[in-house]
Every structure is written in C-alpha cells, then in structure tokens.
Amino acid sequence: MSKDPKDEGTTMAENKEMAVREKKELVAKEEKTVSGRYFIPYADIYETDDALAVVMEMPGVEKKDLDVGLENDVLRVDGRIDTAKYKDMEPVYAEYNIGHYARSFALSNTIDQEKISANLEDGVLTLILPKAKNAQPRKIAIG
Amino acid sequence: MALFPDPFSALTSFQQALDALRTSDWLEAGPSGGGAYPPMNVFRKGDDFIIITEIPGVKKSDLDLQVKGRTLRLSGQKALAFPENAAVHRRERLSGRFDRAVTLPVAIDPDGVKAEYRDGVLALFLPRAESDKPRTVRIG
C-alpha cells in the first residue's frame with residue numbers, strides 16, 4: 001500500500017527541466033449541468049501517522065469558487081475558474097486550454113470530518129484530513 | 001469580437017476558440033517557441049497583447065521575468081515538499097526548473113510591460129509600441 005518514505009525522499013529533485021503536459025479532461029460519471037469542459041487537477045497524496053494530505057493544482061481558481069466536500073468516504077473537490085477575467089480578450093495563440101477542475105477520491109481511512117483544513121496558495125489546494133482517533137495506529141505493548 | 005455574448009455558452013465557445021488556435025505558429029519563431037514549460041496563451045486586447053501562463057505551485061519569489069526588445073524570458077523553479085515521515089501514495093505534480101524565452105511577432109514597449117501573479121496564474125501585459133501601431137491612412 002504505502003511506499004517507504006525513504007525511497008521517495010523529502011525534497012524532490014529540483015534540477016531537472018520541467019516538461020509540458022496536456023491537461024487531462026474529466027470523464028465524469030454524472031454529466032455536469034453547466035456547459036464547458038472540466039479538467040482533472042494533478043494531485044499528490046501522502047499520509048502521515050495522524051493525517052492524510054491531498055495536494056491539488058488548480059491554477060486560476062479563487063477561494064470563493066472552490067467547493068470541497070466529504071460524504072460517504074468520498075472526497076469531492078470542485079473548482080471553477082472565472083471566465084469574466086477573459087472579457088474583451090481575443091485569443092491569438094494557444095498552448096493550453098482553460099476550464100473548471102473537478103476530482104474525487106474514495107478514502108480508505110476514517111477521517112475526522114470536523115478537523116479537515118484547506119489552504120489555497122499559488123493555485124495549489126492543500127487539504128489536510130486528520131484521521132479519526134480510532135483510525136490512528138496504536139502501539140500495542142507485547143507483554 | 002465579443003467573446004462572451006451569452007454567459008451560459010461562454011466557456012464552451014472560449015474553449016473551442018483556444019483549441020482552434022493550437023495549430024497557430026504565432027510564437028513559434030522564438031528560441032524556445034512551442035512545447036516548452038510553461039505553456040502560454042496569447043490574447044489581444046485593443047492594441048495591446050496579454051500573455052497568460054499557468055504555473056501552479058511556483059512562488060512569486062522564485063520567478064524571474066526579463067524583457068529585451070520583443071523577447072521575453074521567463075524562468076524559475078518549483079519545489080515540492082513532503083513531511084519527513086510521510087508515505088507518498090500518489091505523485092502526479094511535477095517539480096523542477098524552467099527557462100523559456102519567446103519572441104513576439106510585434107514590437108512592444110519594454111518599459112510598459114506589467115506582470116501580475118495570482119492563484120498560480122501569471123499574466124503579462126504587453127503594450128504595443130507606438131511605432132508598431134497601425135495607422136489609418138487617409139485616401140486623398
């Protein structure tokens with residue numbers, strides 16, 4: 001299930017050249033009622049002893065246009081971009097497309113819903129989902 | 001050209017417009033024209049141009065922008081950090097450094113260039129040079 005953190009290292013190699021990737025379009029189970037394409041935000045997920053962290057890249061999404069929900073162990077994130085910012089702008093050249101973002105994850109851990117925290121910085125959403133007390137690993141003393 | 005005549009179809013038509021421009025070679029002439037990070041979109045607003053690029057996770061302090069003549073150079077780096085004792089389940093985000101120079105096919109006023117960075121999106125406002133603006137010629 002989880003990899004040895006030592007294999008991953010704590011700081012990632014920073015000297016490599018960054019590559020361009022196409023945004024992946026969301027193929028949702030249910031169709032959206034609003035028109036326009038949705039994209040899947042790139043995500044990192046890691047786990048510590050007391051929490052699960054989900055980090056997602058949603059450039060252009062403001063705090064007020066972001067919805068995060070957890071229901072029946074499914075975490076849903078929906079972030080909308082503000083198309084009004086592109087008013088009166090005529091595209092002349094394009095290398096990427098723009099759109100809203102949505103992604104959901106089925107969580108295997110029991111999460112303490114009350115204590116979920118979210119932080120949005122430089123287009124990156126970080127969700128810290130603390131594990132419920134009874135889901136945290138307990139050290140069993142061997143008598 | 002009014003891009004958003006109807007707010008309900010706005011995004012769809014805008015996405016189609018962007019898709020249609022993917023084959024344009026407007027920026028291709030630069031030293032690192034197409035295909036380099038970060039991907040850029042170019043817009044025209046009146047006489048001026050606006051370049052927008054998405055660089056989520058890059059801190060403002062890690063960004064460097066230079067303008068010379070009609071060439072723009074954007075460089076920087078992006079680091080990802082995980083807590084010491086974390087078990088990583090999924091790693092999709094990329095990190096590393098980037099350096100991209102693009103040459104615009106129009107003359108801009110280098111002193112008037114403005115940059116704005118918000119929510120992982122960098123917008124560069126490039127005023128067109130006075131000498132480059134089209135002039136209406138009166139036909140006598």
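How many residues does the contact take from chain A, and how many from chain B? It takes 63 from chain A and 70 from chain B. Keep in mind that this is a predicted model. Put the two chains together and about 6,500 Å² gets buried between them, with 54% of that on carbon and sulfur atoms.

**Where chain A meets chain B**

- On the chain A side, the residues that lose the most area to chain B are Met18(A), Tyr93(A) and Tyr96(A), and together they account for 14% of what that side buries.
- Polar links are there too: 29 residue pairs are in polar contact between chain A and chain B, counting pairs with both residues at pLDDT 80 or more.
- The elements of chain A that each give two or more residues to the side touching chain B are α1 (5-8), β2 (43-47), β3 (51-57), β4 (61-71), β6 (90-93) and β7 (100-106).
- β2(A) supplies the largest share of that side, with five residues.

**Salt bridges**

- Chain A and chain B have ten salt bridges between them.
- Arg37(A) pairs up with Asp19(B) in a salt bridge, and their closest N and O atoms sit 3.0 Å apart.

**Nonpolar cores**

- As a bit of background, nonpolar side chains tend to be buried together in soluble globular proteins.
- Here, the largest nonpolar core has 35 residues, and its members come from both chains, including Val54(A) and Phe43(B).
- The members touching the most others in that core are Val54(A), Met56(A), Met58(A), Ile98(A), Phe43(B) and Ile52(B).
- There's also a second, separate core of 24 residues, and Leu72(B), Leu74(B), Val113(B) and Leu122(B) are among them.
- Ile52(B) is worth clicking on: leaving aside residues up to four places away in sequence, Ile52(B) touches Tyr86(A), Met89(A) and Tyr96(A) across in chain A.
- Within chain B, and with that same exclusion, Ile52(B) touches Pro39(B), Met40(B), Asn41(B), Phe43(B), Val121(B), Leu122(B) and Ala123(B).
- So two names turn up again around Ile52(B): Tyr96(A), listed above for the area lost to chain B, and Leu122(B), a member of the second core.

**Chain B by itself**

- Chain B has one helix and eight strands, and along the sequence they run α-β-β-β-β-β-β-β-β.
- Of the 140 residues in chain B, 46% are buried.
- Among chain B contacts with a separation of 6 or more, 52% are between residues 24 or more positions apart.
- The accessible surface of chain B is about 7,400 Å², and carbon and sulfur atoms hold 49% of it.

Note on methods
Residues numbered from 1 in each chain as written. Chains lettered and ligands numbered in written order. Heavy atoms only, no water. Core = buried A, V, L, I, M, F, W, Y, C linked by side-chain atoms within 4.5 Å. Buried < 20%, exposed > 50% of the residue type's maximum accessible area, 1.4 Å probe, protein only. Contact = heavy atoms within 4.5 Å. Helix = DSSP H or I, 4+ residues; strand = E, 2+ residues; numbered from the N terminus. Areas by Shrake-Rupley, 256 points an atom, 1.4 Å probe, with all protein chains shown as cover. Buried area = accessible area lost by both parts, 1.4 Å probe. Salt bridge = Lys/Arg side-chain N within 4 Å of Asp/Glu carboxyl O. Polar contact = N/O pair within 3.5 Å; in protein donor to acceptor, adjacent residues only side chain to side chain.
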